[in-house]
Structure formats: structure tokens, C-alpha cells
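A colleague and a modeller go through one protein model together. Please look at the structure before reading their exchange.

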Amino acid sequence: MNGSDRETEDRSSDAGSGPGTAADTPTRHGEKIRCHPSIIAERSLSAIVVLAVLATQLGRGALPAVLAFLFVALVLFNYRQWSRTTIQFNETDVVVERNTLFKMKKTLPYAKVASVNINRGILNRVFGTSRLLVNINSGSGATVPEAVLTFSEDVAEGIRAGMAERLYGHETVLEDEPAEPPVTFSPADVIVHGLFSVSTYQTVFGFAFLAYSVVQVYVSTVTGAGAGGTALVSLLMFFVVQLAPSVSLIFHYYNYRVYRRGDTIYLEHGLIRTYKTSFDVSRINAVRVKRTLAARLLSRSCIEAEVVGLASGSGESLRPVLCLLKDDATQQRLLEDLVPEFVAEHGRERQPAGARSVLLIRAALASLALVLATAYPSIYLYRETAALAGIAGLVLPYALPLATALAILAIFYATSVSYRITEFGTDSDLFTFVNGAVDRETVVMNYDKVQMVRITRGPVARVFGVARGKVYLLSSTGGASVSSGYFAGSHLAAIGETVMERIASGEYDYRKNSI
């Protein structure tokens, strides 16, 4: 027996004595392995920080000893959880089992797995590990992965490649064999996306806080009174509402890459926390082309997809972005390259004349409610600021009524735009809703993905012979609904009728809704 044979025999005997870590036996079928031991530190870190803060702030008497005992107990508890949790990759499923006081056994059949993704945070980089996220195509658990497994980076990549071969029929693209993406995204594109993909309403709300803060500082300067904490709170709200989401998006989508191989779409992005996501095209329930007001002014748009089974459990946005804000021509080309199945070429109809009447009545009611809501604050502001000298005394007393008048004009203008741009189109396989007076959205859906169609007719809509439709789909957030504008009820009801006809005729593809 040569040296290599003896080494193989030694490894076999060691493996048979009990479960090893993933670094020892990465993907051998039927063998129980453990996650990387660094998860003990990951799970203990947040509690350790809290205990440390308590120890520094309340470090008197016997309290430090109690906190130290809690620290040791926590680490021992997490160690026991790690040592008694095993993962077994079988021929047909993955089994995660925990043999503690409260036993747990979770079986994940490959046939039900929607995606196997990799997520790397700061601690993962420190320990050289990756988090493997296994998601089932299930609406009830769509926002949380069914299994989060931490392995060394190379082992996680190997497991993901092996599972991808089972799921998609081919291996994932390795780092040393990079796929050429159809479109490249520069850091400038990422920054533009972070700044201008935020909802226009959110942007207006954030800058309103900023304007209020500036006014508070100006008034306090003119009157000589302190602004107190009001200006600071407004600045903080501006940061929370506007700046923080934009910066978060820039960090989230840095180094963005997207490509398609066969029927599988791959996404890679992230600056501090990195993401590697892949999913089969058949998992896409709808495609959204989105244009905020700022993006439309720049002639740019982005693409999002409704996909079940991409949960990360970390609170990030679950709806995958297939294209960051790019010029419309590039966006259309990428849409045709990545998801030609959702390229709609059918014509679209605009809202009928009855819809205009319904929208104008709604705008009038909203304007009346706004006037009633601002009447008393306007009177109060006038009394408080009418005696001010200079430009402040001329502007501030009438600022709120002027803002109310501008808001009413904006409501009626948005109503006019909404009537003109809202559209609805159908063909044999796809149907489309176009909505959004300010932030525009075109949603293309497949009949075989529809879970439910709801048609509503309010008392005003019934008078003018129109109705609104709401289509329910499974999505990465557990469930999603897409609403239409006002159209003839028979036209909207045709969506549900087409779904039922496809089921009755056998055209309905049940595989597109497998759960």
C-alpha cells in the first residue's frame, strides 16, 4: 500500500467517526457535515456587543461577573448548537438536522429548490467564509431562506455549483471562467441608479424636511430665537428618507454584473456585502420596467423582476434588479437578451372617457380634504408670522395657503397625466399594465403566473361604466399585486377568463407555478 492509499484510508476512517466540517468533506453524498465554526462568533457577536456596553455603563459590584457569566454561557450555547447541527447532501434532497433539546429536522428536496445563492458580509470576509442561502419556491416562506449555511468560500462555491447543475442542468460560471455580460455597468451608472431610482415621492418628502430645516434656521436667525432641536430633527429625517437609501443602493449594487446562461440568469454585486444570485427564467412571474421622474428626464429606466425564492433574511430588497438605470435603448436591448419571454409586442389601449370623469371626481375630493386639513394650520401660521419684519413677514404668513394651492394644481395635473399614460394590453401569452403619473411602471405578466384576478367597481366607477383590476402573483416578498387603471370591466375580466381557458385547453403550463 503506497502513501496516498494510506492517506485515503485514514481520511475514510476519520470521516466515519463522526460528522466533519465542510472544509473536510464538502459535497460527498450521504455524509453529514457541519457548518464552518465561525458561525459561533457570528451568532454571538451582537449579544457580545450589548453585554460589553452594559459592562462599561453599569460596571459596578457583581454586575461585571454576571455579564461575564452570560457571555461564556452564550458562547457555550452557540457552540453546542453548532456541534449538534449537521447538513447532509443526498441524491434527492438536503437534510439539515439539529440534535439538541429542541430537535429539528428540515428536508429540502432539490425538486422544490428555487435558488441557491451566496452572500458574503464583513465577518465572512474576515473568516474566509460564505453564506449559502437555500430558498424554496414557496409564497409562505418567500421572505426568509429555508436554510442559511456557512462554509469556507471554496466549499460554498463548490456546493453551489453542484446544486446548480442539479437545478439548472449545468454548472455555475466559476470565477476563472467569467461570462461576458451583454451590458457593462460602470461605477457612474451605479451612482446614478442610487441617486435617481429612489421614488420621487420619497425624494420630495426628504427635501421637504430639508426645506423645513432651512426655514427654521432662517426664522431663528431673523427673530433671534433659538431654533431648538427642530432643525436638527428635520436634517436627520432628510438623511434617513433621502440620503441613506441612495447611499445604501450605491453600496448594494456596486460591481454590478448580470448575464444569462441557458435558462439561468446570474446576478453579482455588492461593495461591502457581496451577493451572487442565480435563478431559472421559469421562476420569473413578472417583469417591471421602472422610470422615476428624474430617470425619465435623463431618458433612463431600470428593470426589476418578480421572482420567488430569493430571500436573504437580512432585510435587503428581495426583488432582483436585472438592469440598473440605463438609457432606454440599452435597457430594451438587455430586456431582449435576458428575458425575451417577457418582451411584449402587443398593442395597448388607453383608458376610456368614463375613466376621466372618475379620476376628476377623485381629484376634487382629495383637494377638498387637503383644504380642510390645512385650513387651521394656515390661520395659525398667519397669526404667528404676520408681525415679522422684512421678507419673512411678507412670505411666511401666506406660505401654507400657497403650498396648498400648488398641491391642488399638482393633484389635477397628475390626474390628467395618469389618464393619458395609463394603458392595458393583452395577447395570447402576456398582458401588460402601464401605470404612474410621476414614477412610471410597465409591468408585463404571463397568464400562467396569475394567482388571482380581482375586479372592483366603486359607486362612481359604476355610474361611468368602468372598473379597476388587481392581479395577484407570487413574488420574492411573499406576494405581489399589480393594479390597473379604469377600463371596461369586460376587458379586465378577460384576464381571468383567459387563465381558465388555458387550464381547460391544456395550454396552462403548471411547471411555471410549481411550489
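The questions and answers below go through sheets, helices, a surface patch, a salt bridge and two loop residues.

Colleague: Which kind of model is this, and from where are residues numbered?
Modeller: The model is predicted, with local features needing pLDDT of at least 70, side-chain atom pairs counting only at pLDDT 80 or more, and totals for chains, interfaces and linings using all residues. Side-chain values use heavy atoms, without hydrogens and water, and residues are numbered along each chain as its sequence is written, from 1.

Colleague: In the open sheet of seven strands, what is the order?
Modeller: Helices (H or I, at least four residues) and strands (E, at least two) are DSSP runs, numbered from the N terminus. Two strands pair if DSSP finds at least two bridges between them. The pairing in this sheet is antiparallel, and β14 (321-327) and β15 are the edge strands, each pairing on one side only. The order is β14-β13-β12-β18-β17-β16-β15.

Colleague: Which residue of β16 stands opposite Glu349?
Modeller: Strand β15 covers residues 349-350 and strand β16 covers residues 423-426. The two run antiparallel and are joined by two bridges. Opposite Glu349 stands Phe424.

Colleague: How many residues lie between β16 and β17 in their hairpin?
Modeller: Four bridges join β16 to strand β17 (residues 430-435), and the two run antiparallel. One bridge partner pair is Gly425 with Thr432 in β17. The number of residues between the two strands of the hairpin is three.

Colleague: Which residue of β18 stands opposite Thr432?
Modeller: β17 pairs with strand β18 (residues 440-446) in the antiparallel sense, over six bridges. Opposite Thr432 stands Val444.

Colleague: In the open sheet of three strands, what is the average twist from one strand to the next?
Modeller: The order of this sheet is β19-β20-β21, with antiparallel pairing. Its edge strands are β19 (452-456) and β21 (480-487). β19 is joined to β20 (residues 467-473) by five bridges, and Val453 stands opposite Val471 in β20. The twist averages 20°.

Colleague: Are α11 and α13 roughly parallel or roughly antiparallel to each other?
Modeller: Axes are lines fitted to C-alpha atoms, for helices over the stretch in contact, and angles run from 0 to 180 degrees between N-to-C directions. The axes of α11 (residues 353-385) and α13 (residues 399-421) come within 9 Å and cross at roughly 170°. Angles under 35 degrees count as roughly parallel, over 145 as roughly antiparallel, 65 to 115 as roughly perpendicular and the rest as oblique. The two helices are therefore roughly antiparallel.

Colleague: Which element gives the most to the nonpolar patch on the surface?
Modeller: Patches take residues with over 30% relative accessible area and no salt bridge, joining like charges within 9 Å and nonpolar side chains (Val, Leu, Ile, Met, Phe, Trp, Tyr) within 5 Å. This patch has about 610 Å² of accessible area (Shrake-Rupley method, 1.4 Å probe, only the protein chains shown counting as cover for residues), and its residues include Ile122, Val126, Phe127 and Phe251. Two or more residues come from each of α4 (122-127) and α8 (230-252). The element that gives the most, with three residues, is α4.

Colleague: Which residue meets Arg120 in a salt bridge?
Modeller: A salt bridge is a side-chain nitrogen of Lys or Arg within 4 Å of a carboxyl oxygen of Asp or Glu, and the count by this rule is 18. Arg120 lies in strand β6 (residues 113-120), and its partner lies 33 residues apart in helix α5 (residues 153-168). With 3.6 Å from N to O, the partner is Glu153.

Colleague: What is phi of Asn255 near, and what is phi of Ser299 near?
Modeller: Asn255 sits in the loop between α8 and β9 (257-261), and Ser299 in the loop between α9 (293-297) and β13 (300-307). Each has a positive phi in a residue other than glycine. Phi of Asn255 is near 60°, and phi of Ser299 is near 55°.
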